[in-house]
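Student: Could you take a close look at one part of this for me? I'd like to know what's going on there, and then how the rest of the fold is put together.

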Amino acid sequence: MALAKRELAALEKVFAAEVAGRIPFQSKAKVYADLAEAGYLQPDSRTFGAGSRFPVIVAGYALTHWGRYTYCASCGTEEGEDGTDSAP
């Protein structure tokens, strides 16, 4: 299944949240529910203050391995005109 730009942008936001340690990514947009249904994302939750009287549960989405692979495969490499990597 080829993903649209909007879906790749959604995967990018979840990936950025994962790298920054802000998982689960929270959103009510339909695109995230659609990506979860397709297997690119999975519902996730994190509990803060589990030992306290009033714990806070944060629910959202996390990338599956397939979602992570799909997003990373969609990113282009930075190559020079001669086909070599431009990184030092």
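Tutor: Cysteine 75 comes out as partly exposed, at 37% relative accessibility. Keep in mind that this is a predicted model. Cysteine 72 is likewise classed as partly exposed, with a value of 39%. Are these two bonded to each other? A disulfide is a covalent bond between the sulfur atoms of two cysteines. Searching the whole structure turns up 0 disulfides. For cysteine 72, the nearest cysteine sulfur belongs to cysteine 75 and sits 5.8 Å away. Turn it around and cysteine 75 has the sulfur of cysteine 72 as its nearest, again at 5.8 Å. A disulfide would need the two sulfur atoms within 2.5 Å, so this pair doesn't count as one.

Now let's zoom out. The protein has 3 helices and 2 strands, and from the N terminus on they run α-α-β-β-α. Of its 88 residues, 26% count as buried. As for the outside, the accessible surface comes to about 6,300 Å², and carbon and sulfur atoms make up 55% of that. Sequence-distant pieces do meet here: take the contacts with a separation of 6 or more, and 48% of them join residues 24 or more positions apart.

What's on the inside? The largest nonpolar core holds 16 residues, and Leu11, Val14, Tyr32, Leu35 and Leu41 have the most contacts inside it. Two or more residues apiece come from helix 1 (5-19), helix 2 (30-38) and strand 2 (56-63), with helix 1 giving the most, at 4 residues.

Helix 2 is a nice one to follow by eye. Its buried residues are Val31, Tyr32 and Leu35. Look down the axis of helix 2 and they fall within an arc of 100°, so they line one face of the helix. Over on the other side of helix 2 you'll find Lys30 and Glu37, both exposed. The cover over that buried set includes helix 1, strand 1 (41-48) and strand 2. Just after helix 2 comes glycine 39, which has a positive phi, near 95°.

Leucine 35 shows the packing up close. Not counting neighbours within four places in sequence, leucine 35 touches Leu3, Glu7, Ala10, Leu11, Tyr40 and Leu41. Among those partners, Leu11 and Leu41 are also on the list of residues with the most contacts inside the core.

Tyrosine 32 takes you to the aromatics. There are 5 aromatic pairs in the whole structure. One of them joins phenylalanine 25 and tyrosine 32, with 5.1 Å centre to centre and 45° between the planes, which makes the pair tilted. Both partners are tucked away: phenylalanine 25 is buried at a relative accessible area of 15%, and tyrosine 32 is buried at 5%. Add Tyr61 and you have an aromatic cluster made up of Phe25, Tyr32 and Tyr61.

So, back to where you came in: the sulfurs of cysteine 72 and cysteine 75 are 5.8 Å apart, with no disulfide, while Tyr32 is buried on helix 2 and has a place in that aromatic cluster.

Terms used:
Residues numbered from 1 in each chain as written. Predicted model: local features only at pLDDT ≥ 70, side-chain atom pairs only at ≥ 80, totals over all residues. Heavy atoms only, no water. Core = buried A, V, L, I, M, F, W, Y, C linked by side-chain atoms within 4.5 Å. Buried < 20%, exposed > 50% of the residue type's maximum accessible area, 1.4 Å probe, protein only. Contact = heavy atoms within 4.5 Å. Phe/Tyr/Trp six-rings, centres within 6.5 Å; stacked < 30°, edge-to-face > 60°. Areas by Shrake-Rupley, 256 points an atom, 1.4 Å probe, with all protein chains shown as cover. Arc of directions from axis to C-beta.
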